[in-house]
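Please look through the sequence and the 3D structure shown below, and then follow the explanation with both in view. The path starts from one pair of residues and leads outward from there.

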Amino acid sequence: MRIGLRLGVNLTVTKHDALTGARRSVQRTHNLVVTAGRNLVRDLLKGDSSATLTHFALGTSATAVSASNTALVAEVYRAGLTSLIASSAQLTCKYYLASGSGNGSTYREAGLLTASSGGTLYARALLASAIVKTAASAYTFQWDLTFGV
């Protein structure tokens, strides 16, 4: 009997008013665990401690997501994840983009990676709508990684 491991990843992006913290909008999108990301899971199961998710990145490209992606197409921003929360058959990766960070770009893609530069891309997503980042807004990016059969 063959049992497959299904890796599901969904991204929720919440826009907040920089002054009041009030929620302004929410967008949700599915993304793809790329081939390199599936290999990370394999490597983690065999004991490779460098196969852990540590960073979040944003880019400006609207190029379609492909399983062969090994990096964002046009990365312009990367930072350490704000938190990793494990629960039953799920890992939640969060990143908070403050009002004073990442301004002046229009973001269209996002990714989870294993290092502050280079590293391995685990998943890539195209945002449901582009983010024009200014100091008037802050954003919370929440990746929900689910593991099923």
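A good place to begin is T106, whose bridge partner in β9 is V132. Strand β8 (residues 106-113) and strand β9 (residues 121-132) are paired in the antiparallel sense over seven bridges, where strands are DSSP runs of E with at least two residues, helices are runs of H or I with at least four residues, and both are numbered from the N terminus; two strands count as paired if DSSP finds at least two bridges between them.

This is a predicted model, in which local features need pLDDT of at least 70 and side-chain atom pairs count only at pLDDT 80 or more, while totals for chains, interfaces and linings use all residues. Residues are numbered from 1 along each chain as its sequence is written, and side-chain values use heavy atoms, with hydrogens and water left out. For pLDDT, the predictor's confidence in each residue from 0 to 100, the chain has a mean of 92, and 93% of its residues reach 70 or more. Confidence is lowest in strand β1 (residues 6-17), with a mean of 85, and highest in β5, at 98.

The pair of β8 and β9 belongs to an open sheet of five strands, which has the order β3-β9-β8-β4-β5 and antiparallel pairing. Its edge strands, each pairing on one side only, are β3 (32-33) and β5 (75-80). Strands of a sheet pair through backbone hydrogen bonds, either parallel or antiparallel.

Other strands can be followed in a similar way. Strand β6 (residues 83-87) pairs with strand β7 (residues 90-97) in the antiparallel sense over five bridges, and S87 has Q90 as its bridge partner in β7. These two strands form a hairpin with two residues between them, and A89 in the turn has a positive phi of about 55 degrees. Strand β7 also pairs with β10, again in the antiparallel sense, over eight bridges, and the bridge partner of C93 in β10 is W143.

Finally, consider the largest pocket, a pocket being an open set of points on a 1 Å grid over the protein atoms alone where a 1.4 Å probe fits, with protein on both sides within 12 Å along at least five of seven lines, and lining residues having an atom within 4 Å of a point. The lining of this pocket numbers 13 residues, of which V41, L44, A51, L91 and F147 lie nearest its centre. The elements giving two or more residues to this lining are α1 (35-45) and β10 (137-148), and the largest share, four residues, comes from α1.
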